[in-house]
Amino acid sequence: MKTLNDLLLLGDPRLYETCAPVLKEELPLVADWVADLDNVMREIRLKYNFGRAIAAPQLGIMKRLIYMNIDKPVVFINPELADLSTDLFELWDDCMSFPNLLVKVNRHQSLTINYLDEHWQPQTWQMDGALSELLQHEYDHLDGILCTMRAIDEKSFKWRG
């Protein structure tokens with residue numbers, strides 16, 4: 001079982017890599033990956049009091065997999081974003097890979113996410129506001145993009161207070 005000590009931190013070169021799709025024959029591995037993601041997210045919540053979702057590459061699992069647990073667990077396998085709104089909003093973003101740093105970014109107000117669930121069934125979910133922002137952040141991880149790379153300007157960084 002992976003723990004907080006396995007979480008990749010800002011500067012780890014693996015955080016900047018593009019992840020490979022999950023293959024159908026890897027589906028039996030997904031439950032273990034999700035258990036690891038869930039465990040680390042719980043540890044982050046206990047230590048830092050935040051964490052709604054986590055992307056597999058943050059634990060060195062270089063696969064296109066996102067785990068979210070707000071009201072209930074949701075597994076996003078090979079997600080694709082579509083219908084990104086032209087309306088943007090500004091927010092202070094945080095990340096488990098640099099838990100004490102906040103970064104001001106712009107995110108799309110709404111989007112559609114197409115993905116496979118843990119049973120390899122296609123799903124579609126239209127999101128806006130906080131959920132839209134969250135999935136954009138996690139999706140970026142799959143492409144090796146951190147919110148530090150999306151900062152509005154050089155003054156868009158602050159320590160968590």
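## A tour of the chain, from the whole fold to Glu 154

Among contacts in this chain between residues at least 6 apart in sequence, 67% join residues at least 24 apart, and it helps to keep in mind while looking that the model is a predicted one.

Begin with the whole chain selected and drawn as a cartoon, where the secondary structure comes to two helices and eight strands. Followed from the N terminus on, these elements run α-β-β-β-β-β-β-β-α-β. The radius of gyration is 15 Å, close to the 15 Å that the globule rule gives for 161 residues, so the chain is as compact as a globular protein of that length. Turned along its principal axes, the chain has C-alpha atoms that fill a box of roughly 45 × 35 × 30 Å.

Next, switch to a surface view, in which the accessible surface comes to about 8200 Å², with 50% of that area belonging to carbon and sulfur atoms. Of the 161 residues, 48% count as buried. If you then select the charged side chains, you will find 16 positive and 25 negative ones, and the centres of the two sets lie 4 Å apart.

Finally, select Glu 154, which lies in the loop between α2 (129-142) and β8 (157-159). Is Glu 154 buried or exposed? Its relative accessibility is 66%, and because exposed means over 50%, Glu 154 counts as exposed. Add Lys 104 to the selection to end the tour: Lys 104 and Glu 154 are 50 residues apart along the chain, while their C-alpha atoms are separated by 9.8 Å.

Note on methods: Residues are numbered from 1 along each chain as its sequence is written. This is a predicted model: local features need pLDDT of at least 70, side-chain atom pairs count only at pLDDT 80 or more; totals for chains, interfaces and linings use all residues. Side-chain values use heavy atoms; hydrogens and water are left out. Helices (H or I, at least four residues) and strands (E, at least two) are DSSP runs, numbered from the N terminus. Buried means under 20% relative accessible area, exposed over 50%, partly exposed in between (1.4 Å probe, protein chains only). The radius of gyration is taken over C-alpha atoms; the globule rule is 2.2 Å times the number of residues to the power 0.38. Contact means heavy atoms within 4.5 Å. Accessible areas come from the Shrake-Rupley method with a 1.4 Å probe; for residues, only the protein chains shown count as cover. Lys and Arg count as positive and Asp and Glu as negative; His and the chain ends are not counted. The place of a charge is taken as NZ of Lys, CZ of Arg, CG of Asp or CD of Glu.
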